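Visitor: Take me in for a close look at the salt bridges here, please. Once that's done, carry on to a few other spots worth pointing at.

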Amino acid sequence: MMLRLGLVLLGLLPAGIGLLGAWWLGRRAGGRPHLTLTAGLAALAVVLLVALLRGLELLVPGASLPAWFATSGPTTPAALSLLLLKLALLQGSLFAGLMVALSQTQLAQPQQQTRTGPLLPSLGVLVLLLSVLGLLTAPQPFEPVIDWAALGPLLGLALLAVGLGQAEASKATSTSERSDPAVPAKVTGKADPEATLRQAGLLQAAPDLIFPAKSPASATSSDTDPAASSLTPAALHTLWQGCGGAGSPPTVLPKLLAGLGPTFQATRGRWLGDLPPDSLDLLTDCLLTSALWGLGGRVLVVSPQPEAVLARLTQVQKRLGLSRPGACVVGSGALKEQLTAGLFPALVILDVHELFGESLRHLSRLNPHWLAQLDQVLLLRVDGLLPIGSTHLALSLRRLALLAGSKLGEGRRLHWLALSEGGPAGRSYLEQAVGRSFDELSLGAIETTAARVYLRRRSPDKESGSSELATWAKRLREAGVTVALEDTVGELGPLGPSLIGDAAHLHPTIGYHGAASLALGDERNLAQLYRVGGQLLRRQSVATALSVVWFKAGPLTRFLSQPGVLAGLATRGELKTPRPLAGTDNLFVAAAHLEAALDEGEPDEAELRQAFSDAVVDDLLKARTDVQRVGLRARWHKESRRVTRSVRLSRPGAPLSEQRRQTITPNVLPVQSRHDGVLLGRVDRRLAPTRYYPHRIFAHHGQLFAVLSAVTQSTTAIQVGPAPVGSQPTLPLLALHVESTGYHGTIERHHFGPLTFARAVAGITVTEAVTGVLLRGAAEPSVRYPAVEARYDSLAVVILFERVPSAAALFHLARVVDLILQAHLVIEDEDVEVLALEGGLGEVTRPSLVLVDRHLGGLGLAAAVDAAMAHNLLRWAWGVLYSCPCMNGCEQCTPKVVLQRGADKQGVLKLLGG
């Protein structure tokens, strides 16, 4: 009996080896590859059949198939050999039939493929040879040979087929990489954008930036904390897949979702930055969908593009079958309707400019109970606004914090979360705006998408770059590729939607939108492309992200696009995101927001002084006799374990007016289209003559407009019209004269290696004169006319040197620094001007670079350009000049206006440390 039991177990051994081999193949290939899963399931079925037959023989002697065949004829060796062959064919046929049947089901569809080299084919040949030799040499009456004869060859063939298939794929990929490293492997079943462009002869060179795909690292216990989210792992995976993600959700997602509930008590905000646009949108969709899923709490979203957020959210809800009418409100008007009706939406999405206006008044007066139940404020891409907009947003966020502090229940705190494409400089801006520290989050363990970036310089005969871009977009669309257009310079205009057929794929920011993106960019976008390229979260429809960006040729573009420059700057910590300018200490803007805060509630005087400064509150109390003290408010502080009392202030009035939301003071001029009377914007009257100078061409919402006449004292509105076809945004032929009104604080001396300079902040009176119009990059004006002038008070950052080799060297340095400012600050050309003053400014007579804040009263330039940023600007200026092989300046490294006036490249290099 024991001998027969041993023979039965020995007979099951080959079947077990087949099952383990199939399981090992599945783990090796990473998923459910074709043939591997089917072989495993078929082997399992045959194992069960063989086990049944062996068990039947143990229970009922003579009930086995060999015994049954033996009774049907003589038990000669030839008959027994025939019996063994029949049984082998029976089990083998069953195994093969199951493989064929299961291969037609969805379970056997291939998911992903990995390279395994020659291991699998070799193993398959070995198993095949051993099984055949065993069948030929084993004793004929040995029953376990039946199982080996059935499963052994078929397992060997399966290993051989799967191994050879993967080896061929690996060979093809490696051959492609050896022949042309710039050509990626073809994507099965999908149009390959890069291969399409290469076949059309449009793309030939290797990519300038390559970011390979990567899989998540081994998760730690902190990364996979089950208490970090109220969603189960299965629900989290469903949410991630429904929002368009592929693979495993990033480990930061549960941590983000943990802040949605009403029990989350945060004393600090949280910030997640340096995200590509696609990754940011994916995380945003997950967060907002989970809020609509009923996780608890209410969320206020502030974004420059609320309609785009809503469009993506609607698509996700359709995919997940989620519908909650009235739970999501977009816009100030819809919010007013909901609150007036006494409804409590779970999600409110506001434009950043709507937050400046009546939205906070609606939240405080129409239905304050909604604000009392608010749990989280989600800030999306709010650190990329120009100076006036970023200043208004910062002060509006302070008003929101004051309002929420008075409405929230005892012990509750408002949770702030910011998602951004920018870096730590944007986080500093938000901390300054909200008055609260933000903890920096990281994506953690993630699966990323590969990205390949091609940089194109615009040819002289196609200066705008739109003609070549249109050719590429047309070719990709004909191949069935969905194209995303990115226009950060506003030069595509009406041509953009016509190129892609869908305005939803036209983006004002540069990055990696979808599988193929074509972009018009400027120099400040190069650092962004490099910094975020390795953080592309995997999407279901994107195997490799292709990005082609057209830049205008210039000194900064040439410097940054050289091999290794971006990586070197990043290694040294000199590749930072542009920093927003926020003039929260500007008396004109702060006074307007202080009055709006009094209109929205009854804030504490102490909190008002902390938010808007003592000087602004004192000026208001002196100028406004209608400000009333309406009582005291007592607060218990857990940290200090004491009660404080503060006076509550109130003033009846109106919210922040439309004029104040777009400018600095209420003394403004409207900018109107003469063609249809549409209001394009407003500008302070004191700045208008040199901002909207005659013949100026500027971009507004993707279209180019031209200023039709000069601004005079009697002008009531600035008239503009559509710019001629083929026009480009212009620069003024500008002359600035500054007079010092006194230095603020002390002059600080700084040493950075061989570079020594001093930094100071000065009050100035600026006199501007514009006498013509310059095309970008040109040294001579295209139009000249009598001077138009403006005069106003502002602030300036002064960088002083002990000595400078020549006046030409100082002017050369000033123009290069002016060129690279937009890669360090979120500004336009007209916001800051750099002057070279050989005799210094005011009472300080050292040679100086004066960075003039061209806004009435100054809007944050003095705070933004600290000693570290000043050193970074000078280091970049040195790099732009030193990396060019010319001896004394050329068009590759020096602005044309410097070459026309007289360059001194060697003097600049000597000044900056050699």
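Guide: What follows starts with the charged pairs, then moves to single residues and ends at a sheet.

Keep in mind that this is a predicted model. The general idea first: side chains of opposite charge can pair when their charged atoms come close. In this model the count of salt bridges comes to 30. Let's pick out a few.

Start with D278, which makes a salt bridge with R539; the closest N and O atoms are 3.6 Å apart. This pair connects distant parts of the chain, 261 residues apart: D278 sits in helix α10 (residues 277–292), while R539 is in the loop between α20 (524–532) and β13 (544–551). Buried or exposed, what are D278 and R539? Both of them are buried.

Stay on helix α10 and look at D281. Its salt-bridge partner is R381, with 3.0 Å between the closest N and O atoms. Here too distant parts of the chain get linked: D281 belongs to helix α10, R381 to the loop between β6 (374–380) and α16, and their positions lie 100 residues apart in sequence. D281 and R381 are both buried.

For another pair, find R361 and D599, whose side chains meet in a salt bridge at 3.3 Å, N to O. R361 is in helix α14 (residues 359–365) and D599 is in helix α23 (residues 587–600), so this pair ties together parts that are 238 residues apart in sequence. How do the two partners sit? R361 is partly exposed, its relative accessible area being 23%. D599, at 2% relative accessibility, counts as buried. Back to D281 and R381 for a moment: salt bridges with shared partners join them with D285, R312 and E421 into one network.

Now for a charged residue without such a pairing. R298 is found in strand β3 (residues 298–303). R298 is buried and yet has no salt bridge. The nearest side chain of opposite charge belongs to D375, 6.1 Å away, and that misses the bridge because a salt bridge needs the side-chain nitrogen within 4 Å of a carboxyl oxygen. What R298 does have is a polar contact of 2.9 Å, side chain to side chain, with Q373. If you leave aside neighbours within four places in sequence, the residues in contact with R298 include F344, P345, W370 and Q373, and D375 is on the list as well.

Next, move to helix α16 (residues 387–407) and stop at S390. S390 is buried, with a relative accessible area of 0%. A polar atom of the S390 side chain lies 3.1 Å from the backbone oxygen of P387. Not counting residues up to four places away in sequence, S390 touches L385, Y429, L581 and A582. Take A582 from that list: A582 and S390 are 192 residues apart along the chain, and their C-alpha atoms are separated by 5.6 Å.

A450 in strand β9 (residues 450–457) is another stop. A450 is buried too, at a relative accessible area of 15%. With residues up to four places away in sequence left out, A450 touches F211, P212, A213, A543, T544 and A545. Between the C-alpha atoms of A450 and L546 there are 8.7 Å, and the two residues are 96 apart along the chain.

Last stop, the sheet. Strands of a sheet pair through backbone hydrogen bonds, either parallel or antiparallel. In what order do the five strands of this open sheet run? The order is β21-β22-β23-β25-β24, with antiparallel pairing. β21 (730–752) and β24 (832–837) are the edge strands, each pairing on one side only. On average, neighbouring strands of this sheet are turned by 30° against each other, direction ignored. Zoom in on β24: with strand β25 (residues 848–853) it pairs in the antiparallel sense over six bridges. One bridge to find by eye is the one from L835 to its partner V850 in β25. Lying across β24 and β25 is helix α28 (residues 807–820), which runs at about 170° to β24. Helix α30 (residues 867–882) packs on the sheet as well, touching β21, β22 (755–775), β23 (783–800) and β25, and the direction of α30 makes about 60° with that of β22.

Notes: Residues numbered from 1 in each chain as written. Predicted model: local features only at pLDDT ≥ 70, side-chain atom pairs only at ≥ 80, totals over all residues. Heavy atoms only, no water. Helix = DSSP H or I, 4+ residues; strand = E, 2+ residues; numbered from the N terminus. Buried < 20%, exposed > 50% of the residue type's maximum accessible area, 1.4 Å probe, protein only. Contact = heavy atoms within 4.5 Å. Polar contact = N/O pair within 3.5 Å; in protein donor to acceptor, adjacent residues only side chain to side chain. Pairing = 2+ DSSP bridges. Axes fitted to C-alpha atoms, helices over the stretch in contact; angles between N-to-C directions. Lys, Arg positive; Asp, Glu negative; His and termini not counted.
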